[in-house]
Amino acid sequence: MSNSRGFTLWLTGLSGAGKSTLAEKLTPELRARGVAVEVLDGDEVRTNLSKSLGFSKEDRDTNIRRIGYVCRLLSRNGVVAISAAISPYRAVRDEVRRSVEQDGAEFIEVFVKCPIMVLAERDVKGLYKKALAGEIKSFTGVSDPYEEPLSPDVLIESDREPVELSVAKIVVELERRQLVPTLVAGRTDAADSFREEETTVHFTLFPALA
């Protein structure tokens, strides 16, 4: 079954929270449903689309607006655009949402949440520890602000749930909105197991993938 409805799936969260991993895992899940998918990864966009930009607030906003513009073009042409970028400022995320929705496409904001101290433990490059020690300036979430979504469409707690469960939560929300078809025969995704988990009193907690 093919789906011609494009939409934007906007993964926001601090560096190392798991946005790129989620985008990577979501892509085959969505393509298995006959959906055309393009991923705009924050690091890749910085290299190819926003190479000249720095890390001032103005440049960060410009970078997110560029990502949002590409998402808007893709979504209105029937493609699922997945953005995996920090996008620290709430006003610009809301601006991107409005631009996507004004073309008749849906914008689904996914907050990939993870505590700073967990991110510091995961960080093999030691950037968080350097930022916390004041050695790196303008580091988002430490010396530069990150404005958490007030009402995200999906909340992912990547320090408390395995990536398979996080993917399933997003897929279930997309199915609920009828943005992607539900696989019936031979499905390999984790959505069914997530629905079963929802009926239990609590989840067993697993370490998340970075």
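## Strand pairing around β4

K113 of strand β4 stands opposite E157 in β5, and these two strands, β4 and β5 (residues 154–157), pair in the parallel sense over four bridges, where pairing requires that DSSP finds at least two bridges between the strands. Strands here are DSSP runs of E with at least two residues, and helices are runs of H or I with at least four, both numbered from the N terminus. Strand β1 (residues 7–12) also pairs with β4 in the parallel sense, over six bridges, and L9 stands opposite I108 in β4.

Because six of its eight residues are buried, strand β4 (residues 106–113) is largely enclosed by the rest of the structure; buried means under 20% relative accessible area, exposed over 50%, and partly exposed in between, with a 1.4 Å probe and protein chains only.

## Basis of the model

This is a predicted model, in which local features need pLDDT of at least 70 and side-chain atom pairs count only at pLDDT 80 or more, while totals for chains, interfaces and linings use all residues. Residues are numbered from 1 along each chain as its sequence is written, and side-chain values use heavy atoms, leaving out hydrogens and water.

## The nonpolar core

The largest nonpolar core (buried Ala, Val, Leu, Ile, Met, Phe, Trp, Tyr and Cys residues joined through side-chain atoms within 4.5 Å) has 34 residues, and L9, V110 and I170 are among those with the most contacts inside it. Helix α7 supplies the largest share of this core, five residues.

## Cysteines

C71, at 0% relative accessibility, counts as buried, and so does C114, at 9%.
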